[in-house]
Amino acid sequence: YTVTGNYMGGKAPFAGGDTMRFITGTWTFFCLTFTPSVTGINTVNGNTIANIHYTTTHSGTGSPLTGIRLYGSADFTLGAQGNGNTIENITLTNNGSFNSEGFRGVMNLNSGINSIAYNTIRGITVNGTKDGALTILIENNDGTTTIDNNILGGSAPNNIFISSNSAFVATYNNSASGITFTNNTIQNIDHNASTEFFFGLFNEAGPLTYTGNIIQNISIASDNLHSMVQHSGLASGAATISNNIFQNITIENTGINASLYCILINTTSAVTIDSNTIGSEVGNNITINGNAVSVGLYKAGSGLMTATGNIIQEINMTNTGSPQFAGILNEQGVLNANGNTIKNVDNASTIFNDIAIFGIASVSDSTTHDITKNIVQNLNATTTVANGTGVIGMFVDMGSGRLTKNFVTGLTNTTPNGFIVGIYILSAGWDVHNNVIILDNSTNTNDIALDGILSDVFAGITEIYHNTVKI
C-alpha cells in the first residue's frame with residue numbers, strides 16, 4: 001500500500017482556508033489510520049494534516065485526537081527524505097474527564113520493522129480544563145522502530161504550546177524491541193503546566209540508541225522533575241546516548257519539585273553516554289529556578305555506565321532556598337567517567353552545611369569505579385548568607401575504585417563560613433593518584449575553608465599519592 005499526497009483539515013484545498021472545527025465532540029478522532037499490507041511495500045509519504053481545532057468533552061481512555069495511527073504486523077515507512085508528512089496548526093481543547101489524554105501526533109501500534117523519518121510536527125496547542133492528560137508527539141508501542149530526521153516543533157518561539165496542566169513527551173517508546181532515535185530536532189516548546197512533567201524522550205522498554213539529536217529552546221513552568229532523555233522504568237535494555245546537544249532550557253517554576261535531570265538513566269544493563277553537550281557556550285544557557293536537586297547526567301540501576309567526552313556547562317541555579325546541582329551523579333552501579341568536562345556552574349543556594357554544587361559525585365557501593373581525566377572548573381556558590389554552603393569538585397562515598405589524572409580548578413564560594421574541596425573521599429578502597437587541583441577564592445573577601453584533597457575515611461586503606469595541589 002502507498003498513501004501519499006493527501007490533505008486533511010482546513011476549509012479550502014490543500015488543508016488551507018479557515019480552520020476545520022469540531023465542537024463539543026465526545027468521540028475519538030484519527031486523521032489518518034493505516035494498516036500495512038503483509039506483503040509488498042507500505043509507505044505513508046507526503047501527506048498534510050493541518051488547520052484543525054477539536055473541542056471535546058471526551059471521557060474515554062486514550063487520546064481524543066491523533067494525527068496518524070499505524071497498526072498491524074507488516075513493515076512500513078512513514079515519511080522519506082524530501083517527502084515527509086506534515087502535521088501542523090492543530091489545537092486540542094480537552095474539557096474531558098476520567099482517562100482522556102492529550103494530543104497524539106504519530107501513534108505506532110505496528111509490530112513490524114518500522115521507519116518514521118523526515119516528518120514535521122509543529123504548531124500544536126493543547127488547552128482546556130482536563131487535568132493530568134498526556135500529549136505525545138511520536139508514540140511507539142510495538143515493533144522495531146527507527147525514528148530519524150524528524151522535526152518536532154517549528155522555528156518560531158513557543159511553537160508548541162501546552163497551556164493546560166498536561167504532561168508532555170516528545171517521543172515515547174514502550175516496545176520491548178527498543179527504539180533508534182537519530183538526527184531529530186525537538187525545539188521551541190512552551191510547557192506551561194503547573195504540576196505535570198516534560199520529557200524529551202521517555203524509553204520505558206527495550207534497548208535505546210539515541211544519537212545526533214538536538215533539543216533546544218525549551219521553557220518549562222511545572223513543579224515536577226523534568227528530563228530531556230529518560231531511559232528507565234521497564235527499560236532493561238542497553239543504551240547508547242551520543243553526540244546530542246541540549247541547549248537553551250529554562251525551568252521557570254521555583255517549587256520544591258522543579259528540577260532538571262537532563263539525561264536520566266535507571267537500568268540494569270550497560271549504558272554508554274558519549275560526547276553529548278548539555279548547555280551551549282552562551283552564559284547561563286540552562287537556567288533552573290527550582291528549589292530541588294538538578295543533575296546533568298544521572299545514573300541509577302545496577303548496570304555499568306560509561307560516560308566519556310561529555311560537556312556540561314553554563315548552568316545557572318537561581319533559587320535562594322536549598323537547591324543542589326551535580327554535573328554527573330552516580331547512585332547505583334559502576335561508573336566509568338573518562339574525559340568529561342563540567343564547567344561554568346553558578347548556584348545561589350543557601351543550603352545549610354551542605355553542598356550547593358558537585359562536579360562529579362558517586363555514592364554507589366560498587367567496587368570498580370574509574371573516574372579518570374575529567375575536567376571540573378568554575379563551579380561557583382554565589383550566596384552571601386552565612387549557612388556553611390559548600391562546593392566540591394569530585395565526591396565519592398561508598399564503593400571503591402580509581403580517581404586519577406583529573407583536573408579541578410576555579411571553584412569559588414562567596415558564602416561566609418563556607419567551604420571548597422577539590423576531591424572529597426568518604427570511603428576506603430579508592431586510589432587517588434596524579435590529580436591536579438588548583439583552588440583560589442582570593443577574589444572574594446569571605447572566610448572560607450579550602451581543602452585540596454579531604455579524606456574522612458575511618459577504616460580501610462585509601463591510597464593518595466603523586467597529586468598536585470595548589471591553594
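This is a short tour of some strands, one cavity and one pocket in a predicted model.

**Stop 1: strand S10**

Select residues 103-110, which form strand S10. This strand is mostly covered, with 7 of its 8 residues buried. Now add residues 65-72, strand S7, which pairs with S10 in the parallel sense over 7 bridges. To see one of these contacts, pick Arg69, whose bridge partner in S10 is Met107.

Next, add residues 134-140, strand S13. S13 and S10 run parallel and are joined by 4 bridges. Here the residue to pick is Arg104, which has Ile136 of S13 as its bridge partner.

**Stop 2: the cavity**

Move on to the enclosed space. The structure holds 1 cavity of 30 Å³ or more, and the space in the largest cavity is about 30 Å³. To find it, select Leu260, Cys262, Ile278, Ile286, Ile288, Val295, Gly296, Ile315 and Phe325, which line the largest cavity. Strands S26 (259-266), S29 (286-288) and S30 (293-300) are the elements that give two or more residues to this lining. Colour the lining by class: 8 residues are nonpolar, 1 is polar and none is charged.

**Stop 3: the largest pocket**

Which residues lie closest to the centre of the largest pocket? The volume of this pocket is about 200 Å³. Of the 14 residues that line the largest pocket, Gln324, Asp354, Ile355, Phe358 and Phe395 are the closest to its centre, so to speak the set to select here.

For the surroundings, show strands S33 (324-330), S36 (355-362), S39 (390-396) and S43 (418-425), each of which supplies at least two residues of the pocket lining. Colouring by class gives 11 nonpolar, 2 polar and 1 charged residues in the lining of the largest pocket.

**Stop 4: strand S38 and its partners**

Select residues 375-381, strand S38, together with residues 341-347, strand S35. These two strands pair in the parallel sense over 6 bridges. Asn347 stands opposite Ala381 in S38.

Then add strand S41, residues 407-409, which pairs with S38 in the parallel sense over 3 bridges. Pick Val376 and look for its bridge partner in S41, Val408.

Finish with residues 412-413, strand S42. S42 is also parallel to S38, and the two pair over 2 bridges. The residues to pick are Asn380 and its bridge partner in S42, Thr412.

Terms used. Residues numbered from 1 in each chain as written. Predicted model: local features only at pLDDT ≥ 70, side-chain atom pairs only at ≥ 80, totals over all residues. Heavy atoms only, no water. Buried < 20%, exposed > 50% of the residue type's maximum accessible area, 1.4 Å probe, protein only. Pairing = 2+ DSSP bridges. 1 Å grid on protein atoms, 1.4 Å probe; cavity = no way out; pocket = protein on both sides within 12 Å on 5 of 7 lines; lining within 4 Å. Points joined across faces, edges and corners; volume = space filled by probe spheres on them. Nonpolar A, V, L, I, M, F, W, Y, C, P; charged D, E, K, R; others polar.
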